[in-house]
Amino acid sequence: MSSVLIKNESRLGLKLVAPAVGIIGLLVIYPILFNLYLSFFDVQLNGSKTFVGLNNYTELLGNPRYYHSIGVSVIYLIGTVIGTTVLGLAAAILMNQTFRFRNLARGLILLPYFAPVISVVFGWQFIFDPVNGIYNHVVVDVLHLTNERENLIGNPDSALFVVILFDIWKHFPIAYLLFLAKLQSVPKDLYEAAAIDGQNPWGRFWHVTLPELRFVIATVVLLRVIWNLNRFEDVYLLAPNVETLPIFTYYQAFAGIVDQGAAAAISVIQLLVLVGLIWLYVRKVLKW
Amino acid sequence: MNQSLTITRSILLSGLLISQISNAATVEFWTAQTQSDRLQTIELLASTFEALNDGVTVKVVGVDENEMATQMAAAVAAGTTPQLIEVNSEIIMALGEEGIVDTQTHQGVINDIGKRRFHTGALTTLTSPQGQYYGLPYHGWIQGIWYRKDWFDEKGLAAPNTWENIATAAKALTDKANNQYGILVGTKQDSYTEQVFTQLALSNNAAEFDAEGHLVFNSPATLETIQYYKDLALYNPPGPQNWRARDYYLQGKMGMFFYSTYIMDDLALAEVAKGSLSSENFKELSGGTFDPELVKNTAFAPIISHKSAASYGTLSGLVALKTSRAADAKATKDFIEFMYDPASYITFLHMAPGGMNPMLKGIAEDPAYLDDPNGVFKLYGADKMKQIVSGFDDIRSFSVVGGKTFPASGAIFAKSVIPRMIYDVTIEGKDPQQTLDAAEAEMKTIMAQ
């Protein structure tokens, strides 16, 4: 009797799970497999495909721009992840103190995150316009700091740093929000105990705040890495000459006539790298 | 009796309704004219056509020219291909090679209108090597250097129609400390850069293909052009620039700039220039209100000579795309023919007087054409107009060599190989020969596909 019941129950369980498995299969597994399949073909717009074997991969791996874009991506990732995390943490600790108009200040910090990316990007571009922008007007005409007008966004040497700065400014509020939420749940007595032990504010931060926030920080870093490795719109709109991996992919595969085979090959490699990175991070840093 | 009449009537009515539905056709029309006033005019033409043709819906969608190929690819993949697009010839040739263009409809339109009414060169540009029409030429522009005649006279500079004259004037008119620039050549990775480069390259007898269709891009002539281009870019405003920087000219901060005949109404009319002068720049910094003297003080050099004389221009065409619905294909053909009807054609061309020039013979002499609503043609006067249009006689491009068209040129254009090469040299400071080698390699890869 009981074995029948168990059998029935497990059958019911399977039936209940089936729709979810089906949907995941259709929406996640199938596109990944199809993408893998496409990466071995030269695909024409009218649908015809020619098998080219590993050609898409060898072409990609033989392209010096690909390695350059990986280098740019690494700098971009390090800069933005550290920048948003540190700034977010600083803002969260500040906003966790009691002061007048605290709620208003807490809300205002979120503004860059709310603003649509297209409008703030154009705002930044007008600020840094080499001929009419306010930045050059102030630096050259008003303060006379230099004689030469600069195009900070356009100049490839500075563009990457402007893009990193923009990303930090635009996205630190999400880190701040997560840190603040966690900070509010840290028990007060921990700080009191630390104070009794003779810890100064720096010591309290080091021995209480940081350990308490450890997992939130690790999560924020993980999320930021995933987001920014794939981030396209901010970089492309602000400075299309900063070739991070997604921008490189766009120029290779999606600019002009879409080269679906090459695009598939790039995304397969990127997926493998990202999965490997996350696996490593989850095992070693988060220790899940 | 009465009842049977009612039944008959309702049967007849429903039959009519069904026939109406089966006649229903849609023409989705993607146009590269994305400015709102132009879209309004095209909407008006579409509504007129709808009023004349029962059951046909024309849906107008504006798509940025640089995005057209990408959007098309996405649409084809999703099975939502539009019926008709209007875009430049390079993209047309690239799409034609992808096998998604309805060449039969084009042939039909040409048969109906008459092949001899089209300008021959324009038709050739859109013809495949097998003699099929990948698109129908609709309007065209030429490009040249627009310059401040008054400043040139003041400094005793010769008109910028040779390499030497251009370089001399660019140097003489640049005063970076005072925010003044001599010239603007494209340095961003977009089609404007390719257009400027092409004209200079053609005047140096550089080419992409020889008459047999071999790639001959990596040549001393091309290298020389790149080096010259790099020198000119030194007199640009800082950083990567594209056509939007023409605003600096309208603000009186630049001596020369490459532009198509599309600039004519901006120069002449305060209303049109407003978009360039204020809305997108800081009011107190723009330094520019509309200069009514600008038309008078601006001159145009459409032909640049070095080793040979070259004017550059491109044409935009209408392209019908393959569809499985016969009703849609029929409606698309009707709509194209409606667009070539003098009344609607002139309405379209008047959106940018001088910028959009007719590809059908006889339209340019039509008094209705010369009487544009804003009076731009009158402001310029007959002589200047004649000089501007003279550029069309010598119009050349990379894709047509010796009367033969090479569609691979379209694919190379669509992949922005040349603009990226220019960007690498002018902004990244890379070695011209190495960059040229890389561009050639990329072109070969594209052609091998």
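**Exercise 1. Decide whether A:Tyr66 is buried or exposed, then classify its ring pair with A:Tyr67.**

Step 1. The relative accessible area of A:Tyr66 is 5%, so A:Tyr66 is buried. The cut-offs: buried means under 20% relative accessible area, exposed over 50%, partly exposed in between (1.4 Å probe, protein chains only).

Step 2. A:Tyr67 has 44% relative accessibility and counts as partly exposed.

Step 3. Now the rings. A pair of aromatic rings is described by the distance of the centres and the angle of the planes. Rings of Phe, Tyr and Trp (its six-membered ring) pair if their centres lie within 6.5 Å; planes under 30 degrees apart count as stacked, over 60 as edge-to-face and the rest as tilted.

Step 4. Over all chains, the whole structure holds 39 aromatic pairs. For A:Tyr66 and A:Tyr67, the centres are 5.7 Å apart and the planes stand at 70°, so this pair is edge-to-face.

Step 5. Chain A also has an aromatic cluster, formed by A:Tyr30, A:Phe34, A:Tyr37, A:Phe41 and A:Phe51.

A note on the basis: this is a predicted model, where local features need pLDDT of at least 70 and side-chain atom pairs count only at pLDDT 80 or more, while totals for chains, interfaces and linings use all residues. Residues are numbered from 1 along each chain as its sequence is written, chains are lettered from A and ligands numbered from 1 in the order in which they are written, and side-chain values use heavy atoms, with hydrogens and water left out.

**Exercise 2. Find which residues of helix H2 of chain B are buried, and where they lie around the axis.**

Step 1. Locate the helix. H2(B) covers residues 36-52, 17 residues in total. Helices (H or I, at least four residues) and strands (E, at least two) are DSSP runs, numbered from the N terminus.

Step 2. Check its length. From first C-alpha to last, H2(B) reaches 24 Å, close to the expected 24 Å. The expected span is 1.5 Å times one less than the number of residues.

Step 3. List the buried residues. They are B:Arg38, B:Leu39, B:Thr41, B:Ile42, B:Leu45, B:Ala46 and B:Phe49.

Step 4. Look down the axis. The buried residues of H2(B) fall within an arc of 160°, so they line one face of the helix. The arc is that of the directions from the helix axis to the C-beta atoms. An α-helix has 3.6 residues a turn, so residues three or four places apart point the same way.

Step 5. Turn to the other side. There B:Ser36, B:Gln40, B:Leu44 and B:Ala51 are exposed.

Step 6. Name the cover. Strands E1 (25-31) and E2 (56-62) of chain B are among what covers the buried residues of H2(B), as are helices H16 (326-340) and H17 (342-349).

**Exercise 3. Describe how spread out chain A is, and examine its helix H12.**

Step 1. Count the elements. Chain A has 13 helices and two strands.

Step 2. Apply the globule rule (2.2 Å times the number of residues to the power 0.38, with the radius of gyration taken over C-alpha atoms). The rule gives 19 Å for 288 residues; chain A has 25 Å, well over that, so it is more spread out than a compact globule. Its C-alpha trace spans about 70 × 65 × 30 Å along the principal axes.

Step 3. Find the buried share. Chain A has 42% of its 288 residues buried.

Step 4. Zoom in. In H12(A), residues 245-254, eight of the ten residues are buried, so the helix is largely enclosed by the rest of the structure. Among them are A:Phe248, A:Tyr250 and A:Tyr251.

Step 5. Step past the end. Just after H12(A), A:Gly256 takes a positive phi of about 70°.

Methods: Contact means heavy atoms within 4.5 Å.
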